2 protein chains.
Amino acid sequence: MLGNFSYCNPTKLYFGEDSLEYLRDELKNYGERILLVYGGGSIKKNGIYDDVMKILNESHKTVYELSGVMPNPTVEKLYEGVSIAREHQVDLILAVGGGSVCDYAKAVSVSAYCNEDPWDKYYLKMEDVDNEIIPVGCVLTMVGTGSEMNGGAVITNHETKLKIGHVFGENVFPKFSILNPVYTYTLPTYQMVAGFYDIMSHILEQYFSGSDDNTSDYIMEGLLKSLIHSSQIAVKNPQDYEARSNIMWTATWALNTLVAKGKTTDWMVHMIGQAVGAYTDATHGMTLSAVSMAYYRYIMPYALDKFKRFALNVWNVSPEGKSDETIALEGLKAMEDYMNHLGLVMNIHDLGVTDEMIEGIADATFSMNGGYKELSHDEIVGILKASM
Amino acid sequence: MLGNFSYCNPTKLYFGEDSLEYLRDELKNYGERILLVYGGGSIKKNGIYDDVMKILNESHKTVYELSGVMPNPTVEKLYEGVSIAREHQVDLILAVGGGSVCDYAKAVSVSAYCNEDPWDKYYLKMEDVDNEIIPVGCVLTMVGTGSEMNGGAVITNHETKLKIGHVFGENVFPKFSILNPVYTYTLPTYQMVAGFYDIMSHILEQYFSGSDDNTSDYIMEGLLKSLIHSSQIAVKNPQDYEARSNIMWTATWALNTLVAKGKTTDWMVHMIGQAVGAYTDATHGMTLSAVSMAYYRYIMPYALDKFKRFALNVWNVSPEGKSDETIALEGLKAMEDYMNHLGLVMNIHDLGVTDEMIEGIADATFSMNGGYKELSHDEIVGILKASM
């Protein structure tokens, strides 16, 4: 049943090849002091940095730069950002990068004027924001996380081995995001396909939960089919604008809160994958692909109807003369074939997991209860072993 | 190809059986003076009026009532609303009703402080809003138009026989909308199924345009499948909460701007149907159903691929051993069977159209150019005759 909910997503998106030009208009809405946040410097190589700086300068902004945001932004990096944002009393945080940079910008946004330790308040205690929030804008250069249109902000604390995502409310969502599919062309293939699977996993985590067939399930099947279609084109020709643009748009809607409305969600592939990531520092999307097939084959008997529906509606499995179980398994096989075709990592051994790590990874996996089967420690160990 | 676009939809939605309670929170954001807008008084019979008034009174608001908003709000009614809104300097317009009431509230919202004749400025000349806008909130009691989450506001001028819809920008969108599926239970079956087809038509008008298969096409196929599924349940049992809630949610996403982003759209069924409506005053959704099959069969040869896709993905037509044309026609036949099953009006004769009216209706039909075939006057006459 479609449960009760509220929905609001005020982020303004500018999409397309010319979308950076709209940054000029948006900058008029903010004061002079801009904190420019980015990652390891790839934007300096591909020219995006220069293009952004040109617009900032022509808009007569004072720019404070904060670079080196890592793929899994750390709490130490958060403190650094807080210090800079406060010191210069910035009027806007402009994130130029992928999901990590957008996440990081939001974390700094809520933390800059937090009177307590923001890690304690907003991550360990998951409290609501009650202090001033610095507005955030994003220029997206990688797709996958949906961070450009949601309130998610994951921060990692290496000392305590905790990676926590706080999903903040709509007042923390980016005020605007600029989505230019061309910016995603230069990503190496490994990162590109990992991002594709991250998108797929976001959809599946929300699809494989609950027994109903509500509107969201149908929308998700549409998003999955679009992704499957376009990703196979993109993997052959990464500069296919049509494929890359549709993937970018699909990624945004996969995790901008719409498809989760009124339904339960799972997120166990992310929980197991993130624990694998904590042990291996492997690319996020690959940790998800490496554990997915074992996970879904394990939980399939607990939601045979939904897996059958997945096979029929997403993978066009022909049902004639087959049992429900056969249909469902053929759907998962079609998914596995597709994943192999993309070149995804299909086992955790290839990510560097050793037999000795399995128990520790299982311990580090947080067991959620929104899926079809709440997993015990032993079951997680079983799935990890089946993923080796 | 996914074209360039911007997207922003800031409307906050409260969805579910308890959603009216959130009106209390929203009212805190506005001043004391509320213009309560509604239609013919059905909300007084079904208790929604009392529930809304109770919350308004408990929130210590001063309420100015404006009732009698008709299914096709007139320009005279608009002037009446403008006069009341200005006189009392209202802080919020609260629309309680279906799409017409929501549309009307938005028209008053932009017109109240317009220094010219708002019909001239915002309808005949379609100018941008440059005056103060009164915020609008909606409590939805009928589904179909999507007006609860978009900027559309259709006004009819009987004197000049013009029915014009201005789609205003996001600053005119309702600030909040309250969607309680239970409120839709009491609608008579004829109106209910007409609303269902209005939703389907909104999707098809956006689906049957352009040659690409972008993410929106896949999302629309999902919305269509959800609607087809739930409407067949609702027509048997109008009080099936699951079906009515999914239909309500589908209706919102069918016309809240998302699925039109980056693509062309058609709207010829609406153009022909509205001209039929101008001559017969028939229920909007029925004017659409009555002309749809003739229109789609006529344009099918100009977009065989899309009609084939429609048959396969939406109606599960089996393609084996069939020509593309046969597949496409079987899809349209499945759609026609579904429409008959719902009890929709399938010809314009039953809506009161006579042979003598045909030429006049064709003259009154505005020919759009976003579809697969720009229609001449004679082609529109042909479609109308085929719809008799």
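A residue is called exposed here if 12 or fewer other C-beta atoms lie within 10 Å of its own, and buried if 20 or more do. Keep those two cut-offs at hand during the tour, which moves through a predicted model.

**First stop: His60(B)**

Select His60(B), which sits in the loop between helix 3 (48–58) and strand 3 (62–66) of chain B. Because it has 8 C-beta neighbours inside 10 Å, His60(B) counts as exposed. Look at the backbone here as well, since the phi of His60(B) is positive, at about 60 degrees, although the residue is not a glycine.

**Chain A as a whole**

Now step back and display chain A by itself, coloured by confidence if your viewer allows it. The average pLDDT of chain A is 96, and 100% of its residues score at least 70. For the complex, the predictor reports an ipTM of 0.95 together with a pTM of 0.96.

Switching to a cartoon view of chain A shows a secondary structure of 15 helices and eight strands. The C-alpha trace extends over about 70 × 45 × 45 Å along its principal axes. A compact globule of 388 residues would have a radius of gyration near 21 Å, so the 21 Å of chain A agrees with that expectation. Of those 388 residues, 54% count as buried. Among the contacts in chain A with a separation of 6 or more, 78% join residues that are 24 or more positions apart.

**Helix 7 against helix 9 in chain A**

Select residues 189–207 of chain A, which form helix 7, and then add residues 241–254, which form helix 9; the two axes come within 9 Å and cross at roughly 35 degrees. Viewed as a pair, helix 7 of chain A passes helix 9 of chain A in a left-handed crossing. To see where they meet, show the side chains of Phe196(A), Ile199(A), His202(A) and Ile203(A) on helix 7, and those of Ile247(A), Thr250(A), Ala251(A) and Ala254(A) on helix 9. The residues of this helix 7 to helix 9 contact are six nonpolar, two polar and no charged.

**Two loops of chain A**

From helix 7, follow chain A into the loop that leads to helix 8, where Asp213(A) has its place. With 19 C-beta neighbours inside 10 Å, Asp213(A) counts as partly exposed. Draw a distance from its C-alpha atom to that of Arg309(A), and the separation is 9.5 Å for two residues that are 96 residues apart along the chain.

Next, select Asp281(A), in the loop between helix 10 (268–280) and helix 11 (284–299) of chain A. Asp281(A) is another residue other than glycine with a positive phi, here near 60 degrees. It is exposed because 12 other C-beta atoms lie within 10 Å.

**Where chain A touches chain B**

Show both chains together, and select the residues at the contact between them, to which chain A and chain B each give 38 residues. On the side of chain A, the elements that give two or more residues are strand 1 (5–15), helix 8 (215–236) and helix 9. Strand 1 of chain A gives the most, with 10 residues. By type, the side of chain A that touches chain B divides into 15 nonpolar, 15 polar and eight charged residues.

Cross over to strand 1 of chain B (residues 5–15) and pick out Leu13(B). Is Leu13(B) buried or exposed? It is buried, because 26 other C-beta atoms lie within 10 Å. Apart from neighbours within four places in sequence, Leu13(B) is in contact with Ser6(A), Tyr7(A) and Cys8(A) in chain A, and with Met149(B), Ser177(B) and Leu179(B) in chain B. The C-alpha atom of Leu13(B) is also 8.6 Å from that of Glu148(B), although 135 residues separate the two along the chain.

**Last stops: helix 13 of chain B and the loop after it**

Select His341(B), which has its place in helix 13 of chain B. With 12 C-beta neighbours inside 10 Å, His341(B) counts as exposed. Its C-alpha atom is separated by 8.1 Å from that of Gln232(B), which is 109 residues away along the chain.

Finish at Thr354(B), in the loop between helix 13 (324–342) and helix 14 (358–363) of chain B. Thr354(B), with 11 C-beta neighbours inside 10 Å, counts as exposed. A C-alpha to C-alpha distance of 9.8 Å links Thr354(B) with Thr280(B), and the two are 74 residues apart in sequence.

How values were computed:
Residues are numbered from 1 along each chain as its sequence is written. Chains are lettered from A and ligands numbered from 1 in the order in which they are written. This is a predicted model: local features need pLDDT of at least 70, side-chain atom pairs count only at pLDDT 80 or more; totals for chains, interfaces and linings use all residues. pLDDT is the predictor's confidence in each residue, from 0 to 100. Helices (H or I, at least four residues) and strands (E, at least two) are DSSP runs, numbered from the N terminus. The radius of gyration is taken over C-alpha atoms; the globule rule is 2.2 Å times the number of residues to the power 0.38. Two residues are in contact if their C-beta atoms, placed from the backbone, lie within 7 Å. Axes are lines fitted to C-alpha atoms, for helices over the stretch in contact, and angles run from 0 to 180 degrees between N-to-C directions. A crossing is left-handed if the near helix is turned anticlockwise from the far one by less than a right angle, and right-handed if clockwise. Ala, Val, Leu, Ile, Met, Phe, Trp, Tyr, Cys and Pro count as nonpolar, Asp, Glu, Lys and Arg as charged, and the others, Gly among them, as polar.
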